Amino acid sequence: MSRPRAATRRGLLLGAAALAAPRLASAQQASAQQATPAARPPAARTRLVLLGTKGGPRVGIEQANPANLLLVGDTPYVIDCGYGVSRQLVRAGVALPSLRHVFITHHHSDHNLEYGNLVYNAWAGGLRTPVDAYGPRGIEQMTRDFWSMNRFDVETRMADEGRPDPRNLLTAHDIEGPGPVMRDERVRVTAFRTPHPPIVDNYAYKFETPDGVVVFSGDTAYNPALAEFAKGADVLVHEAMLLSGVDDLARRNPNAATMRQHLLDSHTTTEDVGRVAARAGVKLLVLSHFVPGDMPGVTDAMWEEGVRRHYAGRLIVGHDLQEIALPV
Ligand SMILES: [Zn+2]
Ligand SMILES: [Zn+2]
């Protein structure tokens with residue numbers, strides 16, 4: 001239904017001005033530049049932005065599906081691409097054509113559904129620079145499949161609108177196992193395998209930035225070893241599951257029993273998140289990827305309660321588009 005409408009709108013825009021795409025892109029960049037650094041303290045060189053905090057693939061009108069952003073200087077590092085990541089990035093003031101690095105923690109769809117479309121959307125906005133995407137085995141094939149699925153549109157626009165070939169701009173990298181993933185002038189990224197049954201190729205990521213170390217747990221069952229990986233980190237962004245909410249969530253599902261068991265086996269209760277954070281000795285714990293993620297009546301205090309039984313440090317119950325400046 002929405003497809004012809006979108007195509008028509010694009011057609012009209014292009015009819016109005018053949019140069020619309022580059023002009024839109026630079027206008028977007030300019031407004032992002034005005035909107036971001038000027039309004040912030042100069043020390044905040046690195047920023048963490050929680051793009052989507054709701055765990056799981058269900059789409060709602062409140063919280064967005066999982067995605068995070070690290071901005072180091074003006075370079076975006078996107079961690080996970082749940083549905084809506086493109087729009088959340090725009091809302092966060094990031095010009096999509098400035099996309100540079102994408103990291104996928106695992107191949108559940110709430111983490112990769114908009115991966116290809118994010119790159120597409122950046123290209124539609126005027127992307128002309130390389131993008132590197134890293135993820136568990138399969139991201140290279142997924143990338144080929146994405147371009148295959150969208151070949152007609154991409155090749156039409158290349159010929160019709162003079163755009164560069166996006167297939168040459170995007171390089172996907174299968175991560176073969178835990179260890180170093182990438183390194184550039186300012187950032188070093190390391191992967192750590194963590195259990196999320198039945199998925200085996202599932203990674204937490206550590207980002208060493210000039211302003212501190214940020215660890216993303218990704219989706220994980222309770223994993224004491226994650227405390228070693230996150231030892232002394234400035235920020236730990238950890239998923240969280242509220243036991244009392246899981247039963248309510250399961251009740252809304254036709255496959256309640258199976259769903260409940262999957263959640264218990266593959267996610268971390270708030271109490272266990274507190275255990276990991278305390279053992280790791282992190283400066284700041286940020287809860288995100290909430291399971292359940294958008295249940296009416298669940299308050300921040302309810303998420304904190306279990307964590308506080310074990311962890312006394314700084315704690316943020318994450319909300320969409322919340323920003324955390326580093327150093328913390
Ligand atoms: Zn998830
Ligand atoms: Zn998952």
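Begin the tour by selecting Pro180 together with Thr190 of strand 8, its bridge partner. The model on display is a predicted one, and this pair opens a route across its sheet.

**The hairpin and its neighbour**

Extend the selection to strand 7 (residues 179–183) and strand 8 (residues 188–193), which pair in the antiparallel sense over four bridges. A hairpin of four residues connects strand 7 to strand 8. Next, add strand 9 (residues 203–209), which runs antiparallel to strand 8 and is joined to strand 8 by six bridges. Within this pairing, Phe192 has Ala204 of strand 9 as its bridge partner.

Between strand 8 and strand 9 there is a loop, and Pro198 lies in it. Select Pro197 and Pro198 there: the peptide bond from Pro197 to Pro198 is cis, with omega near 5°. Most residues other than glycine have a negative phi, and most peptide bonds are trans.

**The whole sheet**

Now display the open sheet of seven strands, whose order is 7-8-9-10-11-12-13 and whose pairing is mixed. Strand 7 and strand 13 (314–317) are the edge strands, each pairing on one side only. From one strand to the next, the twist averages 25°.

At the strand 13 edge, select strand 12 (residues 284–291) as well; these two strands pair in the parallel sense over four bridges. Leu284 stands opposite Arg314 in strand 13.

While strand 12 is selected, locate His289, which lies in this strand. What is the phi of His289? The value is near 50°, which is positive in a residue other than glycine. His289 is also buried, with 33 other C-beta atoms within 10 Å.

**The nonpolar core**

Select Val214, Val235 and Leu236 next. Of the 80 residues in the largest nonpolar core, these three touch the most other members. Helix 5 (residues 115–124) supplies the largest share of this core, with seven residues. In soluble globular proteins, nonpolar side chains tend to be buried together.

To see the surroundings of Leu236, show Val215, Ala230, Ala277, Ala280, Val282, Leu285 and Val286, which Leu236 touches when residues up to four places away in sequence are not counted.

Then turn to helix 5. How many of the ten residues of this helix are buried? Eight of the ten are, and the helix is mostly covered. The buried residues include Tyr115, Leu118, Val119, Tyr120 and Trp123. Just after helix 5, select Gly126, which takes a positive phi of about 120°.

**A pair of helices**

Move to helix 10 (residues 243–251) and helix 11 (residues 256–266), whose axes come within 8 Å and cross at roughly 150°. Helix 10 passes helix 11 in a right-handed crossing. To view the contact between the two, select Val246, Asp247, Ala250 and Arg251 in helix 10, and Ala256, Met259, Arg260, Leu263 and Leu264 in helix 11.

**Two further backbone features**

Asp80 is found in the loop between strand 3 (75–79) and helix 3 (85–91). Although not a glycine, Asp80 has a positive phi of about 75°. Is Asp80 buried or exposed? Asp80 is buried, with 30 other C-beta atoms within 10 Å.

Go next to the segment after strand 14 (322–326), where Pro327 is placed. The peptide bond from Leu326 to Pro327 is cis, with omega near 0°.

**Confidence and overall view**

Finally, colour the protein chain by pLDDT. The chain averages a pLDDT of 88, and 87% of the residues score at least 70. Among the elements of the chain, which has the lowest mean pLDDT and which the highest? Helix 1 (residues 2–16) has the lowest, at 32, and strand 4 (residues 101–103) the highest, at 99.

Select residues 1–37, over which pLDDT stays under 50; the model has 21 contacts beyond four places in sequence for this stretch. The pLDDT is also below 50 over residues 40–44, a stretch with one contact in the model beyond near neighbours in sequence. Where pLDDT is low, the predicted coordinates should not be read in detail.

To close, show the full chain, which has 13 helices and 14 strands. Buried residues make up 43% of its 328 residues. Of the contacts between residues at least 6 apart in sequence, 69% join residues at least 24 apart.

Technical notes:
Residues numbered from 1 in each chain as written. Chains lettered and ligands numbered in written order. pLDDT = per-residue confidence, 0-100. Contact = placed C-beta atoms within 7 Å. Core = buried A, V, L, I, M, F, W, Y, C linked by C-beta atoms within 7 Å. Buried ≥ 20, exposed ≤ 12 C-beta atoms within 10 Å, placed from the backbone. Pairing = 2+ DSSP bridges. Axes fitted to C-alpha atoms, helices over the stretch in contact; angles between N-to-C directions. Left-handed = near helix turned anticlockwise from the far one by under 90°.
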